[in-house]
Structures are given as C-alpha cells and as structure tokens.
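I opened a new notebook page for this protein. My plan was to look up its overall build, then its strands, then one annotated site.

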Amino acid sequence: MSSIQQNIEHITSQIADVQQKCGRARDSVQLLAVSKTKPNQAILDAAKAGQTRFGENYVQEGVDKVQYFQTNHPELDLEWHFIGPIQSNKTRLVAEHFDWVHTIDREKIAQRLNDQRPQHLPPLQVLIQVNISDEASKSGVEPQQIFDLAQLISSLPSLTLRGLMSIPANVDNHQQQLETFKQLAALQTQLGEQYAHIDTLSMGMSGDMDAAIEAGSTMVRIGTAIFGARDYSSKA
Ligand SMILES: *Cc1c(COP(=O)(O)O)cnc(C)c1O
C-alpha cells in the first residue's frame with residue numbers, strides 16, 4: 001500500500017472518530033483531497049484508495065488534471081472542486097471543467113460562471129467564500145454580504161448554491177478555531193432557512209480539521225495530511 005493510501009485510511013478513520021465523539025451521524029463529513037501542486041500519479045494513488053473528490057487551486061493546473069483523468073481514467077469518475085481565488089478572465093475554464101466552485105466572492109464571478117457554464121453539463125455546484133476571521137486576507141465576502149450574493153446566485157439557472165466556505169486565520173488553539181468555525185456554522189444555518197439545497201459547509205484543513213468537524217463542517221479540505229508537504233518552487 002502506498003503512503004498516500006495509508007494517509008487516506010488514517011484521515012478517514014480520524015474523521016469517523018471525531019464525528020462519533022461529538023455525536024454526529026456517520027458519513028456526515030466528506031473528504032476533499034486537495035491535490036494542488038501534486039502530480040497525476042499522486043491523484044491516481046488516492047483514487048485507488050477510493051477517494052473520488054479532488055480540490056485544485058490553480059486554474060490551468062486543475063484543467064490539465066481534469067482533462068488527463070477524463071481521457072485516461074474515465075472509469076474513476078472523479079469529482080473536481082475549484083478552491084482557489086478566481087480572476088474574471090479565468091471563469092470560462094472553471095465553468096467548462098469543474099463540478100464545484102468553493103470560492104465565489106463577488107457577483108461578477110457568479111454571473112460569468114453562470115453564463116459560461118456549458119448547457120450540456122449539470123449546474124455548477126457553488127459555495128460562497130466568507131471572510132470569517134482573517135482581516136489580513138481580502139478573500140471572501142463579509143458575513144453581512146452573504147445574503148445579497150446568495151440572492152443573485154439563486155436566480156442563476158446554471159449555478160446551484162450549496163452553502164458556505166471559509167479559510168480562517170491560521171491559529172493552533174483548538175478553542176479559538178472552534179469559536180470561528182461556529183460563527184460560520186451559524187451563518188450556514190441562517191442561509192439554510194432561506195434557500196433549498198443548502199447542505200455543504202466547507203471548512204477544516206490539515207491543521208484544524210477536528211475543530212471544524214466539531215463545529216459542523218460537512219466537507220474538510222485536506223492536502224498536506226494526504227499528499228505530504230507541497231513544493232512551490234515551480235510556481236514562483
Ligand atoms: C491548500 C488548501 C487546502 C489544504 O491545506 P492543507 O493544510 O495542506 O490541508 C485547503 N483549502 C484550501 C482553500 C487550500 O488552498
């Protein structure tokens with residue numbers, strides 16, 4: 001068994017443990033394997049361990065991988081999530097190749113993804129990215145802006161709004177992580193009272209997964225703990 005396969009088994013059992021400890025239903029948290037900067041072979045290893053959902057941050061790298069797997073391994077039927085920042089000149093590639101987008105943060109991006117989604121594909125499944133605690137980073141809408149953006153998205157036929165996503169400031173204190181994730185979970189509950197299909201709360205990474213699950217995450221985005229540390233030297 002490869003180390004990637006072992007890591008997937010380990011994370012999967014950790015997710016199950018935390019779910020059980022905090023009284024959540026089995027299989028209420030999905031694992032998104034974040035494969036940015038990693039080669040196709042690493043994705044193939046993960047797929048052999050039963051992993052089907054993959055997250056990518058860079059448009060061209062992600063599109064290359066989607067095309068590689070659709071051409072060479074259609075039997076795996078992988079699901080591709082775009083989780084990086086989106087520039088408006090890259091929306092077409094995202095709309096044409098991905099199944100999900102976690103990082104909608106403005107109306108223009110939502111509108112363009114809708115207009116550019118090919119008619120033969122199902123609606124793009126989308127999440128609104130919320131700036132919940134990270135004052136320094138500009139990514140994500142402020143909590144009070146969620147509802148205007150949700151209203152626009154819900155009027156667009158080629159997008160289906162599924163919930164919220166956030167990348168909180170990086171802290172290693174469990175209690176502090178939990179407080180922040182609970183704020184996002186409360187916003188998700190409010191959103192669910194207004195719209196149908198709100199079932200996905202994307203929060204938790206390798207360093208804060210347990211707190212995220214405890215606070216109600218339904219999809220954790222895990223890179224390092226599956227694939228090991230990333231090498232960015234080719235991206236500089
Ligand atoms: C890179 C990345 C992850 C994975 O982070 P790890 O700490 O390696 O688990 C998750 N979410 C987003 C948005 C990312 O960019």
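The entries below go from the whole chain to a single lysine.

**Ground rules.** I am working with a predicted model, where local features need pLDDT of at least 70, side-chain atom pairs count only at pLDDT 80 or more, and totals for chains, interfaces and linings use all residues. I number residues from 1 along each chain as its sequence is written, and side-chain values use heavy atoms, with hydrogens and water left out.

**Overall build.** I looked up the secondary structure and found 9 helices and 8 strands. These are DSSP runs numbered from the N terminus: helices are H or I with at least four residues, strands are E with at least two. I then checked the radius of gyration, taken over C-alpha atoms. The protein has 17 Å, which agrees with the value near 18 Å for a compact globule of 236 residues. That globule rule is 2.2 Å times the number of residues to the power 0.38. The C-alpha trace spans about 50 × 40 × 35 Å along its principal axes.

**Burial and contacts.** I noted that 51% of the 236 residues count as buried. Buried means under 20% relative accessible area, exposed over 50%, and partly exposed in between, with a 1.4 Å probe and protein chains only. Next came contacts, meaning heavy atoms within 4.5 Å. Of those with a separation of 6 or more, 63% join residues 24 or more positions apart.

**Strands β2, β3 and β4.** I followed β2 (residues 53-56) to β3 (residues 79-82); they pair in the parallel sense over 4 bridges. Pairing requires at least two DSSP bridges between two strands. Glu56 stands opposite Phe82 of β3. Phe82 also stands opposite Val101 of β4. β3 and β4 (residues 100-104) are parallel too, over 2 bridges.

I traced the crossovers next. Helix α3 (residues 59-72) joins β2 and β3 in a right-handed β-α-β unit. Helix α4 (residues 91-97) does so for β3 and β4, again right-handed. Right-handed means that, with the strands pointing away from the viewer, the path from the first strand over the helix to the second runs clockwise.

**Lys36.** What does UniProt list for Lys36? The unreviewed entry gives "modified residue: N6-(pyridoxal phosphate)lysine". Such annotations may be inferred rather than shown by experiment. I placed Lys36 in the loop between β1 (30-34) and α2 (40-48). Lys36 is buried, with a relative accessible area of 13%. Leaving out residues up to four places away in sequence, Lys36 touches Gly55, Glu56, Asn57, Tyr58, Glu61, Lys65, Arg230 and Tyr232. I marked Glu56 in that list, since I had already met Glu56 opposite Phe82.
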